[in-house]
Amino acid sequence: MKRTLRGSKPMPNVNEIKKTAENIDPNILGNVQDAVNKYGGKSEAELMDELTAAKQNGLIDPAALADVAGRIAPMLTAEQQQRLDSVLKQLQ
């Protein structure tokens, strides 16, 4: 059977990944782990409620959120990018 590359994902840029990994602040990494521990077991609806409440309380800066979304979007699959766009629209 013939193999095809159609529909396959492009290979990640290994040098870019290494460069990003070298620049990760250990404190930020700890914060990420804390967030995973706090939110890991919550449903999508619970997470959206938390995000909406944080935005209403002024804890989320729309410009900073757009900046973060713009930086992580290239690392996501098309499906993940669509989901990110959906979440951002819900928070507007």
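**Exercise 1.** In this predicted model, work out whether Arg 71 counts as buried or exposed, then find its salt-bridge partner.

*Solution.* Start with the accessibility: Arg 71 comes out at 54% relative accessibility. The cut-off for exposed is over 50%, so Arg 71 counts as exposed. Next, look for an acid: Asp 67 forms a salt bridge with Arg 71, with 3.2 Å between the closest N and O atoms. Now place the pair: both residues sit in helix H4, four residues apart, which is about one turn of the helix. Finally, check the partner: Asp 67 has a relative accessible area of 42%, so it is partly exposed.

**Exercise 2.** Find out how many salt bridges the whole structure has, and go through the ones that don't involve Arg 71.

*Solution.* A search of the whole structure turns up three. Take Glu 44 and Arg 83: their closest N and O atoms are 2.1 Å apart. Glu 44 lies in helix H3 (residues 44–56) and Arg 83 in helix H5, so this pair ties together parts that are 39 residues apart in sequence. Arg 83 is partly exposed, at 32% relative accessible area. Then take Lys 42 and Glu 50, whose side chains meet at 2.6 Å, N to O. Lys 42 has 29% relative accessibility and counts as partly exposed; Glu 50, at 30%, also counts as partly exposed.

**Exercise 3.** Describe the largest pocket: its volume, its lining and the helices behind it.

*Solution.* Volume comes to about 500 Å³. The lining has 15 residues, and the closest to the pocket's centre are Val 68, Ala 69, Arg 71, Ile 72 and Leu 84. Helix H4 (62–72) and helix H5 (78–91) are the elements that give two or more residues to this lining. H5 supplies the largest share, six residues. Sorted by character, the lining splits into 11 nonpolar, two polar and two charged residues.

**Exercise 4.** Do the same for the second largest pocket.

*Solution.* Here the space is about 390 Å³. Of the 13 lining residues, Pro 12, Asn 13, Pro 74, Met 75 and Leu 76 lie nearest the centre. Helix H1 (residues 14–22) gives the largest share, three residues. The tally by character is seven nonpolar, three polar and three charged.

**Exercise 5.** Which residues form a nonpolar patch on the surface, and where is Ile 28 found?

*Solution.* The patch is made of Ile 28, Val 32 and Val 36, with about 250 Å² of accessible area together. Ile 28 is found in helix H2 (residues 26–39). Its relative accessible area is 48%, so Ile 28 is partly exposed.

Terms used
Residues numbered from 1 in each chain as written. Predicted model: local features only at pLDDT ≥ 70, side-chain atom pairs only at ≥ 80, totals over all residues. Heavy atoms only, no water. Patch = residues over 30% accessible without salt bridge, like charges linked within 9 Å, V, L, I, M, F, W, Y side chains within 5 Å. Areas by Shrake-Rupley, 256 points an atom, 1.4 Å probe, with all protein chains shown as cover. Salt bridge = Lys/Arg side-chain N within 4 Å of Asp/Glu carboxyl O. Buried < 20%, exposed > 50% of the residue type's maximum accessible area, 1.4 Å probe, protein only. 1 Å grid on protein atoms, 1.4 Å probe; cavity = no way out; pocket = protein on both sides within 12 Å on 5 of 7 lines; lining within 4 Å. Points joined across faces, edges and corners; volume = space filled by probe spheres on them. Nonpolar A, V, L, I, M, F, W, Y, C, P; charged D, E, K, R; others polar.
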